[in-house]
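Reader: Hey, I've got a structure open and I'm not sure how to read it. Can you walk me through a few spots?

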Amino acid sequence: MKVEPLDKMFRRKLTALDYHNPSGFDCNDETEFRNFIVWLEDQKIRHYKIEDRGNLRNIPSSEWPKSFEQYLQDVNCPFSVQERQESVDWLLGLAVRFEYGDNGSPVEKYKNCPPATATKAEKPSDPLIHLDSNNPDFKAGVMGLANMLKIQRHDDYLVMLKAIRILIQERLTPEAIAKARQSKEGLPVALDKHILGFDTGDATLNEAAQILRLLHIEELRDLQTRINEAIVAVQAIIADPKTDHRLGKVGR
């Protein structure tokens, strides 16, 4: 019986998992390999809780091989760190099983698909999915935008890009800018109905203090509104709970 080469098996499984570069994946490239393992755990296997993936995500660390060895043990991989190709193939198989478990039978999913050459490629629902997040130019561009828009840095550059997109959609579209430029006509306020709480001994100073207090309250309300918007934006990025009945856990 003819045995299929490992690189071809990698390519087929990576394609099934929607990996961004299935034909160019090189598990012997240390940096690419480590990034790939992090992607596989973050996006497909999700064995660890998010807060427990720090060691695996610390790609430049000299301790990373130990973290990967521990990871192989935790997912019950029968291969060791030294058996890199075999362990990668095993992890890919695990990820494929989980992916089909999440999305249903592969036969039902693909049996009615037309040949790739017969029709134009279907436009992905999210254009960020197929970006190469490990490309240095991509990272530099995202970091430049994040610095320009004063967005908090994140280890995952795709997460940062999603935050940038949300900010642009909500604050920098023509409609949002036009709305922000609209003048807000305030209502008249009777200062004598607002208790200052102290007396300066001068009626003019008392009135000025009341005005400053009201302005401060308005600033606090505006700050609270911005905090609420920031919370909603963050939740839109990270709140993606996913139940895995096989592992008996909820969340990535």
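Author: Sure. Keep in mind that this is a predicted model. Let's start with α2 and α4: α2 passes α4 in a left-handed crossing.

Reader: At roughly what angle do the axes of α2 and α4 cross?

Author: Roughly 35°. The axes of α2, residues 30-45, and α4, residues 64-74, come within 12 Å.

Reader: And which residues meet there, between α2 and α4?

Author: From α2 you have Phe-33, Arg-34, Ile-37, Glu-41 and Ile-45. They meet Trp-64, Pro-65, Phe-68 and Tyr-71 in α4. By class, that contact of α2 with α4 has seven nonpolar residues, two charged ones and no polar ones.

Reader: OK, zooming out. How many helices and strands does the protein chain have?

Author: There are 10 helices and two strands. Along the sequence the pattern reads α-α-α-α-α-α-α-α-α-α-β-β.

Reader: What share of the residues counts as buried?

Author: Of the chain's 252 residues, 27% count as buried. As for contacts with a separation of 6 or more, 45% of them are between residues 24 or more positions apart.

Reader: Let's pick one residue. Is Ser-87 buried or exposed?

Author: Ser-87 is buried, because its relative accessible area is 0%, and under 20% counts as buried. You'll find Ser-87 in helix α5, residues 84-103.

Reader: What is Ser-87 in contact with?

Author: If you skip the neighbours within four places in sequence, Ser-87 is in contact with Phe-68, Leu-72, Cys-77, Phe-79 and Ser-80. You've seen Phe-68 before, since it is one of the α4 residues that meet α2.

Reader: Switching to α7. How far apart are the end C-alpha atoms of α7?

Author: They're 20 Å apart. That agrees with what you'd expect, because the 14 residues of α7 (136-149) should span 20 Å at 1.5 Å a residue.

Reader: Which residues in α7 are buried?

Author: Phe-138, Val-142, Met-143 and Ala-146 are buried in α7. They cover an arc of only 125° around the axis, so they sit on the same side of α7.

Reader: What do the buried residues of α7 pack against?

Author: They pack against α8, which is 157-171.

Reader: And which residues are exposed on the other side of α7?

Author: Pro-136, Asp-137, Ala-140, Asn-147 and Met-148 are exposed there. Right after α7 comes Lys-150, with a positive phi near 60°.

Reader: Where else does a residue that is not a glycine have a positive phi?

Author: One of them is Arg-46, at about 55°. Arg-46 lies in the loop between α2 and α3, where α3 is 54-57. Asn-76 is not a glycine either, and its phi is positive, about 65°. You'll find Asn-76 in the loop between α4 and α5.

Reader: So is Arg-46 buried or exposed?

Author: Arg-46 counts as buried, because its relative accessibility is 3%.

Reader: And Asn-76, buried or exposed?

Author: Asn-76 is exposed, because its relative accessible area is 63%, and exposed means over 50%.

Reader: Last one: where is Pro-60?

Author: Pro-60 is in the loop between α3 and α4. With a relative accessibility of 74%, Pro-60 counts as exposed.

Reader: How many Å separate the C-alpha atoms of Pro-60 and Arg-34?

Author: They're separated by 9.0 Å, although Pro-60 and Arg-34 are 26 residues apart along the chain. Arg-34 also belongs to the α2 residues that meet α4.

Methods
Residues numbered from 1 in each chain as written. Predicted model: local features only at pLDDT ≥ 70, side-chain atom pairs only at ≥ 80, totals over all residues. Heavy atoms only, no water. Axes fitted to C-alpha atoms, helices over the stretch in contact; angles between N-to-C directions. Helix = DSSP H or I, 4+ residues; strand = E, 2+ residues; numbered from the N terminus. Left-handed = near helix turned anticlockwise from the far one by under 90°. Contact = heavy atoms within 4.5 Å. Nonpolar A, V, L, I, M, F, W, Y, C, P; charged D, E, K, R; others polar. Buried < 20%, exposed > 50% of the residue type's maximum accessible area, 1.4 Å probe, protein only. Expected span 1.5 Å × (residues − 1). Arc of directions from axis to C-beta.
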